[in-house]
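User: I am in my first year of study and would like a close look at one part of this structure, namely its unusual backbone sites and the strands around them. Please give a connected account.

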Amino acid sequence: MKNVFFSLLVVCSLNALSQPLPLNFSVLEESYAPLENDTIISEGDWDDGYWIIPIGFTFHYMDSMYQHVFFNGPFGGFGSELLLGEFVDNGVYDLLCPALIDVMESASDADISTMSYVTEGTSPTRIFKIQWGNCGVNGDANGTMRVNYQVWFYETTNSIDFRYGPSVDFDNGEVGFTVGLPAYLGNNWNSTETGNNCDGFWMMQNAVDNPDFNFAFATDDLFSDVHLDELPPLGTVYHFEGEVQSVPDFSQGKLLIYPSVALDIVRVKSDLPMNSLSVFNQVGEVVLQKRPYSASFELEVASLAAGLYTVVAESNQAYFVSRFIKQ
């Protein structure tokens with residue numbers, strides 16, 4: 001996996017005052033895999049559909065907590081924007097968009113386009129995933145364009161991925177944005193106003209393999225000429241590191257880790273057999289995972305960097321949380 005980190009220096013964009021980036025940003029390269037065991041939300045002619053989708057856990061974004069996302073196609077959306085919450089008249093929403101493409105069902109019954117979702121894993125490390133699969137594109141005169149991408153929400157770390165799959169015959173110049181492709185995060189979008197109707201608006205700009213993630217001011221900026229220069233290629237991941245929430249303690253028994261300050265090995269003991277165990281660093285990343293199927297075992301930690309770590313273990317009946325310090 002390639003991980004390229006960029007400066008978090010915030011710049012002024014389009015003569016607007018800059019604001020701090022809401023999430024740390026990095027670019028990754030990972031294999032793209034279509035979702036499995038997912039729920040299809042698009043049926044029939046689903047151009048500009050309206051769907052409310054349960055995330056499966058509480059997700060923290062832009063200082064708010066959400067349990068649903070929705071598409072607002074009939075109310076002016078493009079089919080690739082996700083709004084957080086549930087639709088209400090005259091609402092104000094947080095929003096995000098992996099690629100402002102007006103997607104639609106393909107014209108061929110033999111070439112199916114779908115939108116789908118799945119929530120995978122177990123608390124507190126579940127991942128909610130939405131997929132645009134083999135979608136057709138409005139404005140495509142030949143009817144051959146297809147796009148694939150996903151958005152992932154991570155429980156506890158509250159991180160977000162924009163993940164890009166294969167595209168076919170995609171030509172941005174034919175579908176409404178003649179210079180570049182908008183991909184963005186937004187805060188407090190007011191659905192009743194036009195123009196400067198976001199408290200915060202941050203967009204990807206320039207080369208897809210090394211984009212700037214800059215502050216813009218208004219949704220009018222979506223129609224400017226400062227965007228990604230093309231659709232990101234297969235395997236590209238735009239990762240936004242969220243604010244880690246404290247791991248809830250669901251303990252119904254004890255999880256003992258000793259020594260509490262360790263160098264090479266810690267011993268883990270519970271009063272119930274542990275089916276899985278995850279070790280989180282201080283920014284909420286999973287750095288070790290095990291399936292001990294035992295009430296006690298030894299965990300090698302020599303490879304970990306010095307710092308505080310949180311251990312979450314799962315049995316058939318409970319979750320257990322404890323911590324240790326790696327010297």
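Analyst: The following account treats the backbone sites in turn and then the strand pairing.

The model is predicted. As a general background, most peptide bonds are trans, and most residues other than glycine have a negative phi. Against this background, the peptide bond that leads from Tyr-258 to Pro-259 is cis, its omega being near -5 degrees. Pro-259 is located in the loop between strand E17 (255-258) and strand E18 (261-262).

Strand E17 also takes part in pairing. E17 and strand E19 (residues 265-274) run antiparallel and are joined by four bridges. Within this pairing, Leu-256 has Lys-269 of E19 as its bridge partner. E19 in turn pairs with strand E22 (residues 294-300), again in the antiparallel sense, over six bridges. Here Lys-269 stands opposite Ser-296 of E22. Lys-269 can therefore be followed on the model from Leu-256 to Ser-296.

Two asparagines deserve attention for their phi angle. Asn-134 is not a glycine, yet its phi is positive, at about 55 degrees. This residue belongs to strand E10 (residues 127-137). Asn-134 has 22% relative accessibility, so it counts as partly exposed, given that buried means under 20%.

Asn-158, likewise not a glycine, has a positive phi of about 55 degrees. Its place is in the loop between strand E11 (147-154) and strand E12 (160-164). Asn-158 is buried, because its relative accessible area is 2%.

Methods
Residues numbered from 1 in each chain as written. Predicted model: local features only at pLDDT ≥ 70, side-chain atom pairs only at ≥ 80, totals over all residues. Heavy atoms only, no water. Helix = DSSP H or I, 4+ residues; strand = E, 2+ residues; numbered from the N terminus. Buried < 20%, exposed > 50% of the residue type's maximum accessible area, 1.4 Å probe, protein only. Pairing = 2+ DSSP bridges.
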